[in-house]
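Here's a quick briefing to read with the structure open beside you. Take a look, then work through the points below.

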Amino acid sequence: MEEFLNSALFSLKRSAIREYNRKAKQTPGCISLTLGEPDFETPLSVRTEAKASLDRGDTHYIANNGNALLLEKISQFEKEKNSLDYKADEIIVTVGATEGLFTALFGVINPGDEVIVPIPAFGLYESIITMCRGEFVPLDTAKNGFEISREMLENSITEKTKAIILNSPTNPTGCILSHESLENVYNAVKDRDIFVICDDVYRSLIYTDEYESFASYKDLKKKIIVIQSFSKPYAMTGWRMGYLMADSEVKKHLELVHQFTVVSTASFSQSACIRALETDISPMVEEYNRRRLFVLGRLCEIGLETTTPLGGFYAFPSIEKFGLSSGEFCSRMIEEAGLAAVPGFCFGSDGHIRLSYCCGESELKEGMNRLEKFCRSL
């Protein structure tokens, strides 16, 4: 019966990140630095609000795009914290950032349209583009310090280019796109009919004052779609809550994709998300930064070159000097050292591995000790 299925499914691959995490779980005593899963619990105030919402009977259908109070809160939050001007009716509350990305891409891609994705990048982008019958166009930034040059971008744009995805801070590198990179994208799209999808889910987890989102180019608002998530900054991964922001003329079409795929998000989660936006996450950010500095220090001692991550909770050291593919390196490291990381090929950059520092201090220290021991053995 496979010949009767959607042919777009046959080119999709299951998440290799999950596969290496599975290998780690099946290996006794293995330490896993694979998933971007905050080890913190969802703040108590957020959980308490969810319970109160259930007790109030918030278990019925709500407006497709989200609770009116939450939409207003998101609008206010983005205005005050990020200086972005999106009204409540320009926002859709989504089932995590993943549904937001799917809604955005399904909404703009016609069969054969091309979407440029700077790599290394989260593999989800390519999968969604494929399902939407688009063409994934990788833009390799590894040899340019993970920045976007004018030349590489102009060489990638064709008459079929429909969108560019920008993830900053990025998964897997933790790098923040420079003003020059953003300017290069701006100049490339300002006179073309090209959307820019800003995946800014790590925006609240930054360790520098030098941050700028492409969404700040307000003269291009009609071409910009912003994706956000409650998962990473508020340790709410299991809640599956996020939101999409777009100019009203674009949003009114995208909301149809949302309506006919998920209808709406869970009603009793809405008040909890309002409380999340009122929560001070600086203690978590400070802890991530402390871990970041520890990991960078240990990588330097081990002799692994790494571009300094300025956001998120990942490091992306180079392993090229060992002459192993990233897949072989990570497989052997699980078997020989009891340590799991994600191979760079999962992100389109084979000469690296991704280390997540979403774990406790003792586990992280032991993990870095095992990494050092393994590297010394090669």
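Which strands does helix 7 lie across, and at what angle does it run to strand 5? Helix 7 (residues 179-189) lies across strand 5 (161-167) and strand 6, and runs at about 165° to strand 5. Keep in mind that this is a predicted model. With that helix as a starting point, here's the rest by topic.

**The seven-stranded sheet**

- Seven strands make up an open sheet, and going across it you meet them in the order 2-8-7-6-5-3-4.
- The pairing in this sheet is mixed.
- Strand 2 (91-94) and strand 4 (135-140) sit at the edges with a single partner strand each, so each has one side left without a neighbour in the sheet.
- From one strand to the next, the twist averages 20°.

**Zooming in on strands 6 and 7**

- Strand 6, one of the two strands that helix 7 lies across, covers residues 195-199.
- Strand 6 pairs with strand 7 (residues 224-229) in the parallel sense, over four bridges.
- If you want a landmark here, find cysteine 198: valine 226 in strand 7 stands opposite.

**Strand 12 and its partners**

- Strand 12 spans residues 353-356, and both of its faces are covered.
- Ile353 and Leu355 are buried on one side, while Arg354 and Ser356 are buried on the other.
- That fits the usual pattern: in a regular strand, side chains alternate between the two faces of the sheet.
- Strand 9 (residues 314-315) pairs with strand 12 in the antiparallel sense over two bridges, and tyrosine 314 stands opposite serine 356.
- Strand 11 (residues 342-343) also pairs with strand 12 in the antiparallel sense, again over two bridges.
- For that pairing, look at proline 343, whose bridge partner in strand 12 is isoleucine 353.

**Where helix 1 meets helix 11**

- Helix 1 (residues 16-25) and helix 11 (residues 326-337) have axes that come within 10 Å and cross at roughly 20°.
- Angles under 35 degrees count as roughly parallel, so helix 1 is roughly parallel to helix 11.
- The crossing of these two helices is right-handed.
- On the helix 1 side, the contact is made by Tyr20, Lys23 and Ala24.
- On the helix 11 side, Gly327, Cys330, Ser331 and Ile334 make the contact.
- Sorted by class, the residues in this contact are four nonpolar, two polar and one charged.

Terms used: Residues are numbered from 1 along each chain as its sequence is written. This is a predicted model: local features need pLDDT of at least 70, side-chain atom pairs count only at pLDDT 80 or more; totals for chains, interfaces and linings use all residues. Side-chain values use heavy atoms; hydrogens and water are left out. Axes are lines fitted to C-alpha atoms, for helices over the stretch in contact, and angles run from 0 to 180 degrees between N-to-C directions. Angles under 35 degrees count as roughly parallel, over 145 as roughly antiparallel, 65 to 115 as roughly perpendicular and the rest as oblique. A crossing is left-handed if the near helix is turned anticlockwise from the far one by less than a right angle, and right-handed if clockwise. Contact means heavy atoms within 4.5 Å. Ala, Val, Leu, Ile, Met, Phe, Trp, Tyr, Cys and Pro count as nonpolar, Asp, Glu, Lys and Arg as charged, and the others, Gly among them, as polar. Two strands pair if DSSP finds at least two bridges between them. Buried means under 20% relative accessible area, exposed over 50%, partly exposed in between (1.4 Å probe, protein chains only).
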